[in-house]
Amino acid sequence: MHDIRSIRENPAAFDAGMARRGMEPQSTQILALDEQRRSLATRAQEGQNRRNEASKAIGKAMGQGDTETAEALKAEVAQLKESLPALEAEEKVVAAQLNDMLAALPNIPVDDVPEGADENDNVEVARWGLPGTFAFTPREHADIGPALGLDFETGAKLSGARFTFLKGQMARLHRALAQFMLDTQTATNGYMECNVPLLVKDHAVHGTGQLPKFSADLFFAADMSTRSELFWDAMPQDFESQMSGVSEGNYRPKLETMLEEADTKEQFWLIPTAEVSLTNYVRDEIVNNAELPLRMTALTPCFRSEAGSAGRDTRGFIRQHQFEKVELVTVCRPEESEAEHEKMVAAAEGILQALELPYRKVLLCSGDMGFTAKKTFDLEVWLPGQQAYREISSVSNCGDFQARRMNARYKPEGSKKTEFLHTLNGSGLAVGRTLVAVLENYQQDDGSVRVPEVLKPWMGGIEVLTPLA
């Protein structure tokens with residue numbers, strides 16, 4: 001969320017920031033709504049003040065025997081009592097329009113974010129490790145994985161495209177990666193381990209920026225017990241007569257249509273990342289200064305509809321509707337966020353280095369950053385089967401953008417006023433994509449895959465994944 005006072009003070013700078021995001025100027029419309037809202041609020045406040053003054057004056061006029069003045073004042077109070085609710089309601093409508101407009105606009109990039117329209121304009125900052133050499137032509141994970149327990153067919157049979165069933169040694173390797181990441185981020189890098197809800201309400205996904213603009217990327221889940229109760233409550237008395245003559249094939253669609261017409265009291269979203277649950281930990285809070293910076297991590301399943309990725313990575317394990325990720329979130333004072341950003345990137349890099357996976361660090365351009373970010377580094381791991389670097393972690397500094405949406409604040413030392421916190425988030429790492437990188441970088445000519453040395457303590461004695469009989 002953007003600071004309306006900052007837009008008032010420097011609309012040109014705000015429009016310049018939006019231009020870097022590829023957007024048309026926004027300040028004129030925003031400030032027009034803001035002026036309308038402020039005018040209505042002023043008129044409502046003045047009317048309320050006048051109503052209070054007139055109410056007091058009635059008693060004074062009555063005490064002086066001035067019935068004519070008293071009656072005129074009573075009429076004025078009655079008129080104000082009637083007109084003020086409409087004025088206040090109009091102010092709320094305009095305020096909601098202003099908030100909706102501000103909520104739909106992305107964060108503004110900081111000055112050192114490179115200009116650009118898309119991923120082709122991102123800037124490589126550094127590389128670590130050299131791609132390995134193979135005495136054979138390395139294959140993609142989708143080709144070697146099935147024989148090792150990466151079961152795409154069963155996943156599709158159970159749930160459709162972009163779901164995978166892991167079994168045996170493959171499931172063990174996946175678990176080992178997740179546990180290694182989580183243990184490293186807690187014991188080595190100082191992030192507090194959390195176990196968080198996977199279902200969250202509207203305000204949580206709004207707070208981290210997924211709503212209202214990106215609802216199509218999420219999976220929606222209603223409270224079905226509530227929906228069931230509402231459905232039966234809404235069931236027409238003549239239900240049986242409505243259903244008479246409805247063919248068996250049309251019976252279910254008819255029921256579903258009636259169910260959709262019943263409003264839901266509770267609704268939830270499956271989290272697209274633990275960032276949502278972790279960041280909202282400080283929602284509507286004034287965080288104790290002594291607790292900052294607050295560094296948190298969680299290993300969770302993540303759920304994404306991949307609405308905007310039609311045709312991308314449909315083969316293999318890279319882009320799934322359900323996957324696991326170790327998420328990192330930091331909540332800190334504004335002056336700490338740049339250093340915390342570097343710390344978080346280093347925490348993600350450390351996992352790749354420990355696994356001896358070559359990667360590169362990329363600074364995203366203004367047109368490729370996520371909605372809530374003001375600066376983002378991506379880590380891209382080398383996949384020899386694809387002969388390409390692919391994203392495995394994205395680490396973003398959101399500044400106070402999310403904190404304003406969540407009303408998350410702190411009180412600086414020696415200050416009586418609160419200020420908005422800064423929030424950061426990043427992958428440390430995406431488990432599935434790391435599994436892909438291990439399979440491709442540690443593959444052998446016979447179709448087996450060596451287990452990275454650092455993972456062996458979590459593998460129960462398995463040192464090589466071998467094709468299943």
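Strand β4, residues 192–193, runs parallel to β9 in this predicted model, and two bridges join the pair. If you want a residue to start from, pick M192, which stands opposite M296 in β9. On to the next pairing of β9: ten bridges join this strand to β10, and here the two run antiparallel. Within that pairing, C302 faces F323 of β10. How enclosed is β9 itself? Seven of its ten residues (the strand spans 294–303) are buried, so the rest of the structure largely encloses β9. As you step along a strand, it helps to remember that in a regular strand the side chains alternate between the two faces of the sheet.

Strand β11 offers a similar exercise. Four of the five residues of β11 are buried, so this strand too is largely enclosed by the rest of the structure. It has pairing partners to look at in turn. Strand β1, residues 123–128, pairs with β11 in the antiparallel sense over five bridges, and R127 stands opposite R360 of β11 there. Five bridges also join β11 to β12, again running antiparallel. In that pairing, V362 has D378 of β12 as its bridge partner.

Several of these strands turn up again in the largest nonpolar core, which has 47 residues. The members that touch the most other members are L173, L177, L352, L357, L435, L439 and L465. At least two core residues come from each of α7 (168–188), β10 (322–332), α13 (337–354), β11 (359–363), β12 (375–383), β13 (388–397), β16 (422–430) and α15 (431–441). Of these, α7 gives the most, with eight residues. To see the packing around one residue, centre your view on L173: leaving aside its neighbours within four places in sequence, L173 is in contact with L435, V438, L439, L455, M459 and L465. Apart from this core lies another, made of 18 residues, with F14, M18, L80 and L87 among them.

Let us turn to a pair of helices. The axes of α2 (residues 11–20) and α3 (residues 27–63) come within 10 Å and cross at roughly 130 degrees. Why call them oblique? Angles over 145 degrees would count as roughly antiparallel and 65 to 115 as roughly perpendicular, and the crossing falls in neither range, so α2 and α3 are oblique to each other. On the α2 side the contact is made by P11, F14 and D15, and on the α3 side by S27, I30 and L31. Sorted by class, the contact has four nonpolar residues, one polar and one charged.

A further sheet is worth a visit. Three strands make up this open sheet, in the order β8-β14-β15, with mixed pairing. Its edge strands are β8 (286–287) and β15 (419–420), each of which pairs on one side only. Strand β14, residues 409–410, pairs with β15 in the antiparallel sense over two bridges, and the bridge partner of Y410 in β15 is E419.

Y410 also leads to our last stop, R333. This arginine sits in the loop between β10 and α13. Is R333 buried or exposed? Its relative accessibility is 15%, and because buried means under 20%, R333 counts as buried. Although R333 and Y410 are 77 residues apart in sequence, their C-alpha atoms are 7.9 Å apart in space. Beyond its neighbours within four places in sequence, R333 is in contact with N289, L292, P293, Y410 and H422.

Conventions:
Residues numbered from 1 in each chain as written. Predicted model: local features only at pLDDT ≥ 70, side-chain atom pairs only at ≥ 80, totals over all residues. Heavy atoms only, no water. Core = buried A, V, L, I, M, F, W, Y, C linked by side-chain atoms within 4.5 Å. Buried < 20%, exposed > 50% of the residue type's maximum accessible area, 1.4 Å probe, protein only. Contact = heavy atoms within 4.5 Å. Pairing = 2+ DSSP bridges. Axes fitted to C-alpha atoms, helices over the stretch in contact; angles between N-to-C directions. Parallel < 35°, antiparallel > 145°, perpendicular 65-115°, else oblique. Nonpolar A, V, L, I, M, F, W, Y, C, P; charged D, E, K, R; others polar.
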